[in-house]
Amino acid sequence: NSLSDHLPQVYFVRCSSSSANDGIVDRDDVCLEVLTWNIMSRGRSGRTGRQGTTLEGQILTNNGLDYDESLEAYKNRFFQRVLPVVSGWLREESTSSIRSATNRPTKRVV
C-alpha cells in the first residue's frame with residue numbers, strides 16, 4: 001500500500017547566481033529549501049457523481065491509486081503511515097525552509 005498517489009517534491013532556491021546550472025545543488029549555495037507533498041486525501045474510487053453536478057452519473061476517483069477507502073481505513077493510513085513521515089519533516093531544525101502538505105477537494109461531487 002502506498003502512502004499517497006503523489007511523491008514529495010523538494011525545490012532549492014540558490015543565493016547566488018555564480019553556480020553553474022549543471023543540475024547539481026551545492027548545499028552551501030542554498031538559502032531556501034521548499035518541501036511540498038500533495039498527500040492523498042481519503043481514497044474515494046468507484047463512487048458515482050451526484051445528481052445536479054457536472055460529473056453526474058460518472059464513475060469517479062479522487063486518486064491515482066484507485067483506492068476506495070472506508071473512513072476507518074483512511075484514518076489508519078493517515079495516522080499510522082503518513083503522520084509519522086510528515087511530523088518528522090516538521091521537527092527537522094531549519095531556519096531556511098518551507099514545508100507544505102496539501103490535499104483537499106475543490107468542490108463536493110460525491
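**Close-up 1. Tyr74 and Phe78 sit together in helix α1 of this predicted model.** Both residues belong to helix α1. They are four residues apart, about one turn of the helix. Their rings form an aromatic pair. The centres lie 6.2 Å apart, and the planes make an angle of 40°. The pair is tilted, because planes under 30 degrees apart count as stacked and over 60 as edge-to-face. Tyr74 is partly exposed, with a relative accessible area of 22%. Phe78 is also partly exposed, at 26%.

**Close-up 2. Phe78 pairs with Phe79.** Here the ring centres are 5.5 Å apart. The planes stand at 85°, so this pair is edge-to-face. Phe79 is exposed, with 53% relative accessibility. Its partner Phe78 is partly exposed.

**Close-up 3. Tyr74, Phe78 and Phe79 make one aromatic cluster.** The whole structure holds two aromatic pairs. One of them is the tilted pair of Tyr74 and Phe78. Phe78 and Phe79 form an edge-to-face pair. Phe78 takes part in the tilted pair and in the edge-to-face pair.

**Close-up 4. Six residues build the largest nonpolar core.** The members are Leu35, Trp37, Ile39, Val82, Val86 and Trp89. Strand β2 (30–38) and helix α1 (71–91) each supply at least two of them. Helix α1 gives the most, with three residues. Tyr74 and Phe78 of the aromatic cluster also lie in α1, but they are partly exposed, at 22% and 26%.

**Close-up 5. Leu35 and its contacts.** Leu35 is one of the core residues. Residues up to four places away in sequence are not counted here. Beyond them, Leu35 touches Pro8, Gln9 and Val10. Leu35 also touches Ile98, Arg99 and Ser100. Trp89 completes the list of contacts. Trp89 belongs to the largest nonpolar core as well.

**Close-up 6. The chain as a setting for these views.** The secondary structure comes to one helix and five strands. From the N terminus on, the order is β-β-β-β-α-β. Of the 110 residues, 21% are buried. Among contacts with a separation of 6 or more, 60% join residues 24 or more positions apart. The accessible surface is about 7,800 Å². Carbon and sulfur atoms account for 51% of that surface.

Terms used: Residues numbered from 1 in each chain as written. Predicted model: local features only at pLDDT ≥ 70, side-chain atom pairs only at ≥ 80, totals over all residues. Heavy atoms only, no water. Helix = DSSP H or I, 4+ residues; strand = E, 2+ residues; numbered from the N terminus. Buried < 20%, exposed > 50% of the residue type's maximum accessible area, 1.4 Å probe, protein only. Contact = heavy atoms within 4.5 Å. Areas by Shrake-Rupley, 256 points an atom, 1.4 Å probe, with all protein chains shown as cover. Core = buried A, V, L, I, M, F, W, Y, C linked by side-chain atoms within 4.5 Å. Phe/Tyr/Trp six-rings, centres within 6.5 Å; stacked < 30°, edge-to-face > 60°.
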